[in-house]
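Work through the exercises below with the sequence and the coordinates at hand. Each task is followed by a solution in steps.

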Amino acid sequence: MHELLRTWSRLVLDDVPLGMVPTSVAREEGTVLRAPASEDAVLATEDRIGRRLPPSYREFLRISDGAYADLFGATATDADGWWDEWPSDSSVVGIGLLPCEETRWWRDDDPQGARMYADTAADADGPARIVTDGADIWPWAPFADGLVIGRGWFPGTTCLVPRDGVEEWEVWQIVKETSKAFHSFRSMLEHEVAIRTPVTSLAEAEEVLALADAGSLVDGFRRSRITAPAAVPLLTARIETLRFPQPEVRSLGRIATAEAVEAVERLRPPGGEEALLLAGTAQAADVLARWGCAHELSLLGDRRAVTVARRALVDGLPGPRPWNLVTAVYALARSGDPGYAAFLRDLDTDEPSLRLAIAWALDRLGSPDGLARLRAMATVDGPMRRAAAERVRRIEATQAR
């Protein structure tokens, strides 16, 4: 378990995307693992829930009392503080795998939700059974009897689900309308390590792709983990023929050779921008500049980002794709150049998300009317009211410090 957890921690930290940062404790300590729970703490949890915890989860707690990570990877937020859900400079207690003292039965945590999940049994032919670790599962009725051990921000909930007569408990996660389940806590960790482990040779890549095509769930994930330069022609051929080639596109980004970047530019497939960001080379940045990707260029620290962003905002207003313009505003804010404040101040838009981004960017660039705009948005009923209020709270808290 020690080695399994160390490997898992390393892999999920390696997976934190550019522009995102793990929670401060994980950054400082270089691991998503927490200090171990004492035997007394574990016993107190078992006394509180009225059950002995399953062996592999109990072993996990004695090594790491929860974790700054879950099935989505390391708990992280964007380096710019744009997301309003969780503060980037805290331990993010309550997100990720929970310390044992924070675990609780789902029926106690959300009685209405537990009843709703229990009712799904009536819509199925029989009880839910796990066939493959990580696969979707239905019905969700057993989830109602689960012990909550993890919280995500999508939102998602991870539970240990006991089965009569079985020492190990299953691990279930439900996120909105999707779910996945595992035979045990240990098998969940093994699955997470397997899907994140790089594929480093052409022979292994060929085997992974063949198994993925045959229906292997783990290998389906590993399609995006190929790092062997010799696999570029194979990946390129698949991208040209597959309906959903995004995993192969990400693998080209991980390979990051000149041949791989040229293939992404030539094919311009869905997810191409992400692949170029993964590559992070000067050649990849040149392609992003030609494609007009201000956001990705700014994450790479490329000076062309501001030129591309200004052009996008001048040409794109009003436009049908506000998110592209929001990310262009991000790029100008990341520049740190207060000279862009006047340009942003003069932009005319009724799009709420873009107005919020402009106000936030003005504050980041040192313009006092940025905070004034955010305060005004926070007092007007609208789709961005909550987000604006959260940004005001953060700015005022920073000023107070």
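**Exercise 1. An inter-helix salt bridge**

Task: Starting from arginine 250, which is partly exposed, find its salt-bridge partner and place both residues in the fold.

Solution. Step 1: arginine 250 is partly exposed because its relative accessible area is 24%, where buried means under 20%, exposed over 50% and partly exposed in between (1.4 Å probe, protein chains only). Before going on, note that this is a predicted model, in which local features need pLDDT of at least 70 and side-chain atom pairs count only at pLDDT 80 or more, while totals for chains, interfaces and linings use all residues. Residues are numbered from 1 along each chain as its sequence is written, and side-chain values use heavy atoms, with hydrogens and water left out.

Step 2: apply the criterion for a salt bridge, a side-chain nitrogen of Lys or Arg within 4 Å of a carboxyl oxygen of Asp or Glu. The partner is glutamate 274, with the closest N and O atoms 4.0 Å apart.

Step 3: the pair links distant parts of the chain, with glutamate 274 in helix α13 (residues 272–279) and arginine 250 in helix α11 (residues 246–255), 24 residues apart. Helices (H or I, at least four residues) and strands (E, at least two) are DSSP runs, numbered from the N terminus.

Step 4: glutamate 274 has 40% relative accessibility, so it counts as partly exposed.

**Exercise 2. Other salt bridges**

Task: Classify the burial of the residues in the pairs arginine 196–glutamate 192 and arginine 52–glutamate 46.

Solution. Step 1: between arginine 196 and glutamate 192 the closest N and O atoms are 3.4 Å apart. Both residues belong to helix α7 (residues 185–196), with a spacing of 4 residues, about one turn of the helix.

Step 2: arginine 196 is buried at 9% relative accessible area, and glutamate 192 is buried at 2%.

Step 3: arginine 52 and glutamate 46 meet through their side chains at 3.9 Å, N to O. Here arginine 52 is exposed, at 57% relative accessibility, whereas glutamate 46 is buried, at 9%.

Step 4: put this pair in context. A network of salt bridges links Glu39, Glu46, Arg52, Arg58 and Arg62. The structure holds 26 salt bridges.

**Exercise 3. Two helix packings**

Task: Describe how α13 packs against α14, and α19 against α20.

Solution. Step 1: axes are lines fitted to C-alpha atoms, for helices over the stretch in contact, and angles run from 0 to 180 degrees between N-to-C directions. By this rule α13 and helix α14 (residues 282–291) pack at about 150°, with axes 8 Å apart.

Step 2: the crossing of α13 and α14 is left-handed, meaning that the near helix is turned anticlockwise from the far one by less than a right angle (clockwise would be right-handed).

Step 3: list the contacts, that is, heavy atoms within 4.5 Å. Gly272, Glu273, Leu276 and Ala279 of α13 meet Ala284, Val287, Leu288 and Trp291 of α14.

Step 4: by class, the contact of α13 with α14 has 6 nonpolar, 1 polar and 1 charged residues. Ala, Val, Leu, Ile, Met, Phe, Trp, Tyr, Cys and Pro count as nonpolar, Asp, Glu, Lys and Arg as charged, and the others, Gly among them, as polar.

Step 5: for helix α19 (residues 352–364) and helix α20 (residues 368–378), the axes come within 6 Å and cross at roughly 145°. This crossing of α19 and α20 is left-handed. Residues making the contact include Leu356, Trp360 and Asp363 of α19 and Leu371, Arg373 and Met377 of α20. The class count for α19 with α20 is 9 nonpolar, 1 polar and 4 charged residues.

**Exercise 4. Two buried positions**

Task: What surrounds alanine 331 and histidine 191?

Solution. Step 1: alanine 331 lies in helix α17 (residues 322–335) and is buried, at 2% relative accessible area.

Step 2: leaving aside neighbours within four places in sequence, alanine 331 is in contact with Ala294, Ser298, Ala305, Val306 and Ala309.

Step 3: histidine 191 is in helix α7 and is buried, at 6%. Not counting residues up to four places away in sequence, histidine 191 touches Asp133, Gly134, Phe182, Leu217, Val218 and Phe221.
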